[in-house]
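Here are a few exercises to work through with the model open beside you. Try each task before you read its solution.

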Amino acid sequence: MEKITIKEYLSLYLDKKYESITNMANFVAIIKEMVEGLNWVGFYLYDGEKLYLGPFQGKAAVQTIPLGEGVCGISAKKRETLVIDDVHSFEQHIACDESSNSEVVIPLIKNDMLIGVLDIDSPRHNRFDENIVKELKTALKYLFDFL
Ligand code: SME
């Protein structure tokens, strides 16, 4: 049998009839299952002041992150994707799972409003190359219709 794609898998679970948080929860589960070599996948959501922990898969994590702090807070403030090839050499990194070695954070902007960020960790260094970042952004674009 041919392997199901991320988009096909998402299309089986995401639906406008479900709450945004429900669609986000299935989104992180699908990314964690489908993309190899990840130990933490989750959302930090923006409440207008700070980021707070949303749906995730992985070890228990820091509950809130001020804008401009940590990889997540910096990405959210700058509204820029950040790829950190070695989290141990990135001073502002906030450690949650000691097995994480690289990280990508992608901001979620809808109608020019910051919703939050997608945060993904890997135990491998340099896990997040251009291709995977592109793939993740495509998946996020798909999720946007269900938020
Ligand atoms: N590393 C993040 C904190 C969240 S954990 O990785 C789940 C950061 O520096 O913002």
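Before starting, one cut-off: buried means under 20% relative accessible area, exposed means over 50%, and partly exposed lies in between. Keep in mind that this is a predicted model.

**Exercise 1. The cysteines**

Task: Find how many disulfides the structure has, and say whether Cys-72 is buried or exposed.

Solution. Start with the search: over the whole structure, it turns up zero disulfides. Next, look at Cys-72, which is in no disulfide; its nearest cysteine sulfur belongs to Cys-96 and lies 7.9 Å away. A disulfide needs the two sulfurs within 2.5 Å, so this pair doesn't qualify. Now the surroundings: Cys-72 has 3% relative accessibility, so it counts as buried. Cys-96, at 32%, is partly exposed.

**Exercise 2. A covered helix**

Task: Work out how many residues of helix α3 are buried, and what covers them.

Solution. Helix α3 runs over residues 70–78, and seven of its nine residues are buried, which makes the helix mostly covered. By name, the buried ones are Gly-70, Val-71, Cys-72, Gly-73, Ile-74, Ser-75 and Ala-76. Then go through the cover: it includes β1 (40–46), β2 (50–57), β3 (64–66), β4 (82–84), β5 (102–110) and β6 (113–122).

**Exercise 3. Positive phi**

Task: What is the sign of phi at Arg-79, and where does Arg-79 sit?

Solution. First, the background: most residues other than glycine have a negative phi. Arg-79 is not a glycine, yet its phi is positive, at about 55°. Arg-79 follows α3 and belongs to the loop between α3 and β4. With a relative accessible area of 38%, Arg-79 is partly exposed.

Try Asp-112 in the same way. Its phi is near 70°, again positive in a residue other than glycine. Asp-112 is in the loop between β5 and β6, and at 64% relative accessible area it is exposed.

**Exercise 4. Three helix pairs**

Task: Decide how α1, α2 and α4 are oriented in each pairing, parallel or antiparallel, and list the residues that meet.

Solution. The general recipe: two packed helices are described by the angle between their axes and the distance between the axes.

1. α1 with α4. The axes of α1 (residues 6–13) and α4 (residues 130–144) come within 10 Å and cross at roughly 25°. Angles under 35 degrees count as roughly parallel, so α1 is roughly parallel to α4. The contact involves Ile-6, Lys-7, Leu-10 and Ser-11 from α1, and Glu-135, Ala-139 and Tyr-142 from α4. Sorted by class, that's four nonpolar, one polar and two charged residues.

2. α2 with α4. Here the angle is about 160° and the axes are 11 Å apart. Over 145 degrees counts as roughly antiparallel, so that is the label for α2 and α4. Asn-23, Met-24, Phe-27 and Ile-31 of α2 meet Leu-136, Ala-139, Leu-140 and Leu-143 of α4. The tally is seven nonpolar, one polar and no charged residues.

3. α1 with α2. These axes come within 10 Å and cross at roughly 150°, so α1 and α2 are roughly antiparallel too. From α1 come Ile-6, Tyr-9, Leu-10 and Tyr-13; from α2 come Asn-23, Asn-26, Phe-27, Ile-30, Ile-31, Glu-33 and Met-34. That contact has eight nonpolar, two polar and one charged residues.

Last, the handedness: α1 passes α4 in a right-handed crossing, α2 passes α4 in a right-handed crossing, and α1 passes α2 in a right-handed crossing.

**Exercise 5. Two single residues**

Task: Which residues do Asn-23 and Trp-40 touch beyond four places in sequence?

Solution. Begin with Asn-23, in helix α2 (residues 20–34). Asn-23 is buried, at 0% relative accessible area. Beyond its sequence neighbours, Asn-23 touches Tyr-13, Leu-14, Asp-15, Tyr-18, Leu-143 and Phe-146.

Now move to Trp-40, in strand β1. Its relative accessibility is 3%, so Trp-40 counts as buried. Leaving out neighbours within four places, its contacts are Lys-32, Leu-53, Phe-56, Gln-57, Gly-58, Lys-59, Ala-61, Asp-119, Ile-120 and Asp-121. As a final check on distance, Trp-40 and Thr-64 are 24 residues apart in sequence and 16 Å apart in space, C-alpha to C-alpha.

Terms used:
Residues are numbered from 1 along each chain as its sequence is written. This is a predicted model: local features need pLDDT of at least 70, side-chain atom pairs count only at pLDDT 80 or more; totals for chains, interfaces and linings use all residues. Side-chain values use heavy atoms; hydrogens and water are left out. Buried means under 20% relative accessible area, exposed over 50%, partly exposed in between (1.4 Å probe, protein chains only). Axes are lines fitted to C-alpha atoms, for helices over the stretch in contact, and angles run from 0 to 180 degrees between N-to-C directions. Helices (H or I, at least four residues) and strands (E, at least two) are DSSP runs, numbered from the N terminus. Angles under 35 degrees count as roughly parallel, over 145 as roughly antiparallel, 65 to 115 as roughly perpendicular and the rest as oblique. A crossing is left-handed if the near helix is turned anticlockwise from the far one by less than a right angle, and right-handed if clockwise. Contact means heavy atoms within 4.5 Å. Ala, Val, Leu, Ile, Met, Phe, Trp, Tyr, Cys and Pro count as nonpolar, Asp, Glu, Lys and Arg as charged, and the others, Gly among them, as polar.
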